[in-house]
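User: Got a model here that I'd like to walk through. Can you take my questions as they come?

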Amino acid sequence: MRKVTLTRPGLTLPIVRFLTVSLVLLAAVLWPVPASAHNVLKGSDPAEGASVPHLDRVTLTFDQPVRADFAKLALTGPDGARYDAGLTVRDEVVTATVKPLTTGGAYVIGWQIVSNDGHPVSGTIRFTYTGAGAAPAGAAATLAPAPGAVSAPIPAASGGSWVWGLMVFALLMLGLATWVLHRHESRPRHAGTTPPAHDRTLA
Amino acid sequence: MTLLDSRPAAADRRLRALPLAGLTGAGLTAAVVATWATLPEPPFGLPTAGPWVEFGLPVTRFVLDVAALVTVGLSLLPKLLGFDHPEATEPAASRARRWAVYSAVVWAFAALVSTLLSAAEVMPGRFPDVPLYVDAIGSGQGLVVSGAAAVFSAAIGIFAVRFGEKVPAELRVGAAVFGLLPLPVTGHASNWYWHDLSMVAMELHVIGAALWTGGLLAVALLLVSDRELLGRTLPRFSRLATTALLVVSLSGLFTGLVELLLSPAEAFPASLVTTHYGLLVVVKTVLAGVIALLAANIRWRLLPGVTARRPTAFAAWAAVELTVLGLAYGVAVVITRTGG
C-alpha cells in the first residue's frame, strides 16, 4: 500500500495513521462474543481416570442448576452392559443410582444434559472399578431405590400436533408468497425495459 | 444516469452477485470447519443426533442470520438513497423491495428448519418433538418468534412491492430488526446480577451488526454499477457505519469482558487458548482486526473518490470486506453453540 494513496488533500498521513490504528485496536479489543451460558461440569464422583473399589452411585456436579428434563446418563461396563438404574436432578447435582457392578475393569459414564440456554452439553468419564465381582449382600440391599420414583424422565410427548399443522401452514403461505411475487416480478420484464417509477401500476 | 446503461447486463449481474457469494461462501465454510474442529466427543453409550443435525444446525443458523441481515439491509436502503430523486433511485429501490421479501421468506424457512433441527439435537434417538422443545426451552420460543417476525416482514414487504415507498421504510426496518431481538435473549441464562444490562448490550450489538453488514451488502448489491447513486448514498451509509461501529464495540466490550470474567471453567487469560470457546474468540478477534482495516480502507481511501464520482475499486473492496464479515459470522454461529 503506497503512502500516496492513503492520503487525500486536507487529511495528512499521521492523522490517517492514528485514526486507522486506534480504530483497528478498538475493534480488535472490543469485538463482541455472544454470551455463553452453557452449564460446565465442575466435578464428578467417580472422577475421570479414577480407580474405585466401591460404587453405589454416580454424581455429576455442575456450575449452574441443571434442567431435570432431557438429562441422561449411561454407565457402561466392560461387558458392554448398562449399569445405570435411575437419575435424580437436584439443583447443580445430577445423581445416578447404579446396579450392583458384577465385574471389575474399565467402566464408562456417558452423560448429556440440556444447558440453560437450550444447547445440549455432553461428556464421557472413564474410570476403573477394582471391587470384587460379587457385591456384598448388605450393599446390594441399599442399592435398590425404586428407579421410577426418583428418576427424571424425558417429559411425555405434548399433544401439540397443531404446532405441526401450523408449521405446514406457514410453509404453504411462504411458498404462495414467493410464487405470487415471482409472477409479479416476471411480468414487467416482459412488458418493457424500464420499470415505472412506482410499482403500483404493475399489479 | 440510470442503473442499467453503464454496463452489459451479464457483467452487471456477475458483479452484483459477488458480495453475497463472498459473504455466504466464506461464512458457510467457516461454520462447517469450526463445527468440525469443535465437535465434542459423543457421550459413550447414549444416542447422538448424528452429523445431519450437528452440521445442519450451524448451517441453517448461518442462513437465518444472513437472511435476516439482508432483509434489514434491503429495508434500510431506501432511507440511505433518500427520496429527493425518485426517478434516479426508484429502479434500485424497487429491486430492494422485491429482494427483501425473498430474503424474509428464506429467513422464515431457515427459522422453521432450525427449530426442527434444534429439537432433534436436544432429544437424540427419537423423532423430534417440536412442540415439546418450543414449550420447554427458551431458544425454541426465540426461533418461533423470530420466524413469525420474518413472516410479518415478508407480508409488509409484499405490501411495499405493491404500493412502493408509501409503505414506510421505518416500518420495514423495524419489523426486520424486531425479528433479530429474541435470538440472543433466549440463548442466555439469567443467573447473575448484571443480566439486564448485558441483555441490552447484546441487543444493541445485534442491531448494530445487522444494520452495518446489511447496509453494506445492500449498497454493494444494488448500487455499485451506478456511480452517481453510489456517490450520493455511500457517505450516508458511512455515517451510519461509524455509529454502528461505536455501538457494536461498546456493547461488545461490556458483554465480552463480563462473559470472560464470569466463566467458571477456566481462569480468564488462560481460557483464551485452553478452551474451544476461547480459541474461537481469538479467531474472531483477528477477523475483527481485518474487518476494521478494510472498513478504514473504504472510509478513507475510497470514499473521497466515490463522492467525486470517480471510478473506484469500491465493488471489489466491499466484496472483500463482506467475505471477511462472512467468516466472522460463521465463527460466531459456532461460538454461540459451543459456549463456555
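Analyst: Sure, here are some helix and sheet details, starting with the ground rules. This is a predicted model, where local features need pLDDT of at least 70, side-chain atom pairs count only at pLDDT 80 or more, and totals for chains, interfaces and linings use all residues. Residues are numbered from 1 along each chain as its sequence is written, and chains are lettered from A and ligands numbered from 1 in the order in which they are written.

User: At what angle do the axes of helix 2 and helix 3 of chain B cross?

Analyst: Roughly 155 degrees, and the axes come within 7 Å. Helix 2 spans residues 51-81 and helix 3 residues 86-122. Helices here are DSSP runs of H or I, at least four residues, and strands are runs of E, at least two, numbered from the N terminus. Axes are lines fitted to C-alpha atoms, for helices over the stretch in contact, with angles from 0 to 180 degrees between N-to-C directions.

User: Roughly parallel or roughly antiparallel?

Analyst: Helix 2 of chain B is roughly antiparallel to helix 3 of chain B (the term covers angles over 145 degrees).

User: Switching to Met199(B). Buried or exposed, or in between?

Analyst: Met199(B) is partly exposed, because 17 other C-beta atoms lie within 10 Å. Buried takes 20 or more, exposed 12 or fewer, and partly exposed is in between, with C-beta atoms placed from the backbone. Met199(B) sits in helix 8 of chain B, residues 195-222.

User: How far is its C-alpha from that of Thr255(B)?

Analyst: 8.6 Å, with the two residues 56 apart along the chain.

User: And chain A: what is the strand order in the open sheet?

Analyst: The order is 1-3-6-5, with antiparallel pairing. Two strands pair if DSSP finds at least two bridges between them. Strand 1 (41-45) and strand 5 (84-90) are the edges.

Methods. Parallel < 35°, antiparallel > 145°, perpendicular 65-115°, else oblique.
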